[in-house]
Amino acid sequence: MRARWAVLCSVADQGVAALTNILVLVAAARLSTVADFARFSAVYLVFTVLLGVSGAYTGQPLVLKRGAGEETRGACRSAVAFTVLAASALGALLAAVCLLVPGDTARALLMLGLVLPVVLGQDAVRYAFSTLQQPHLALLSDLVRLVCVLGALGTQVYGASPARLIGLWGLSALPALLLSAALLHRATAGAPLLLRPMLRRGHLGQRFTVEFGVGNATSQLSVLGLGAVGNPLLVGALRGATTLFGPLNVLFTSATSFGPPLLGRITDERRRVRATAALAAVLATTAGLWATVLALLPDRVGRQLLGDTWSVAAGLLPATGSQYAAMAVGTCGLLALRMLDPRTTLAIQVVFSLTTVAFLAGGYVVGGVLGAAWGLFLGSLCKAAATWIRVARLRRRPPAPAETVTVGALPAAP
């Protein structure tokens with residue numbers, strides 16, 4: 001595709017994916033009591049972590065590949081097949097364990113295990129279409145999913161259990177997965193299917209998974225931990241506030257995942273970094289404007305969006321909006337580092353993810369749920385500053401030999 005249409009389709013795809021996520025959480029909030037939405041949020045948070053791990057292990061290494069030859073097409077087929085098989089094994093284990101545990105949360109987790117191959121498989125195909133430079137197919141898949149999930153959740157009434165909502169949400173992705181699988185098979189027919197390389201030592205996804213684990217997953221699991229040992233409504237309150245920033249959250253994740261194929265079209269390194277910095281400014285400004293709009297919402301509109309959860313989430317909007325502005329800058333900084341040298345991001349993720357957890361816990365001790373929200377902001381701000389300081393240092397380094405400077409090149413195994 002031409003660069004302009006590729007960008008438009010990619011942005012539209014991320015917009016549809018973001019809209020789907022936010023409507024799912026809004027629907028769950030409106031259909032649930034405060035306690036049930038807290039349970040749904042905890043399970044959805046588990047899914048978010050698993051989705052990030054899947055994208056880090058298979059998706060992000062995939063989008064660093066260049067060209068549309070047989071090797072790339074085979075890598076796309078292999079990544080999707082590996083994701084579905086791994087999700088099936090993990091989902092079966094999760095369902096088996098939760099079958100023996102009583103409670104509404106366990107039943108919702110059991111249902112998540114059953115639908116995990118569907119939702120993770122559909123997401124993996126999106127990475128494949130991006131790598132093949134066919135983002136319009138990813139857009140088509142996400143449009144089908146949006147229609148199906150709205151139809152499924154729209155039939156429910158107030159008081160639906162978290163397990164029922166999780167099951168309907170997961171199964172609604174099945175038509176999109178089947179359509180995407182058929183389109184991917186057509187695009188990669190004849191390409192080899194190789195799964196063993198993804199399990200070998202040195203696979204780039206292993207490094208990216210560690211980065212995700214000490215980055216995004218750490219803070220999310222910390223929220224679950226604080227909710228377990230402290231106030232159980234903490235999870236629902238923070239999740240309710242971040243629900244309203246769902247489109248930005250998906251865009252930030254997609255910038256790292258799908259940005260390299262688009263920014264890789266810019267051949268000059270300095271221009272790529274400047275384009276990434278401009279993207280950071282645009283996303284941070286968008287986050288600030290969106291937070292302002294949400295803060296000005298009438299209480300009646302807020303309750304229509306989040307139901308009973310609005311009363312506790314509204315007070316967190318200034319802190320959450322500030323956090324997302326900082327996340328925009330930090331995410332684009334990590335994207336710039338990923339293109340300059342993928343091996344430089346792990347140390348930053350480790351140090352500043354632990355810093356974020358410390359700010360989160362300290363904020364909760366000092367100021368409760370609101371303090372925890374401001375703690376997340378401070379952690380994101382520190383990480384953003386560190387990433388761009390590192391980018392500036394890498395830009396001042398002596399240029400590498402011409403034959404080794406390639407966009408998206410995979411580093412040697414550490």
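The expected span of a helix is 1.5 Å times one less than its number of residues. In this predicted model, helix α4 covers residues 104–131, a run of 28 residues. The distance from its first C-alpha to its last is 40 Å, which is close to the expected 40 Å. Helix α4 nevertheless contains a kink of about 55° at Val 115, and the proline Pro 117 follows shortly after that position. Of the 28 residues of α4, 23 are buried, so the helix is largely enclosed by the rest of the structure. Just after α4, Gln 133 adopts a positive phi of about 60°.

The largest nonpolar core comprises 75 residues. The members that touch the most others in this core are Phe 40, Phe 47, Leu 112, Leu 116, Trp 169 and Phe 245. Helix α4 supplies the largest share of the core, with 14 residues. Beyond four places in sequence, Phe 245 is in contact with Ala 287, Trp 290, Ala 291, Leu 294, Leu 317, Thr 320, Gly 321 and Tyr 324. A second core, separate from the largest one, has 8 residues, among them Val 273, Ala 336, Ala 386 and Val 391.

The confidence of the prediction varies along the chain. The mean pLDDT of the chain is 79, and 83% of its residues reach 70 or more. Among the elements, helix α7 (residues 174–187) has the highest mean pLDDT, 89, whereas helix α9 (residues 216–229) has the lowest, 63. Over residues 400–414 the pLDDT stays under 50, and the model has 14 contacts beyond four places in sequence for this stretch.

Terms used: Residues are numbered from 1 along each chain as its sequence is written. This is a predicted model: local features need pLDDT of at least 70, side-chain atom pairs count only at pLDDT 80 or more; totals for chains, interfaces and linings use all residues. Side-chain values use heavy atoms; hydrogens and water are left out. pLDDT is the predictor's confidence in each residue, from 0 to 100. Helices (H or I, at least four residues) and strands (E, at least two) are DSSP runs, numbered from the N terminus. Contact means heavy atoms within 4.5 Å. The bend at a residue is the angle between axes fitted to the seven residues ending there and the seven starting there. Buried means under 20% relative accessible area, exposed over 50%, partly exposed in between (1.4 Å probe, protein chains only). A nonpolar core is a set of buried Ala, Val, Leu, Ile, Met, Phe, Trp, Tyr and Cys residues joined through side-chain atoms within 4.5 Å.
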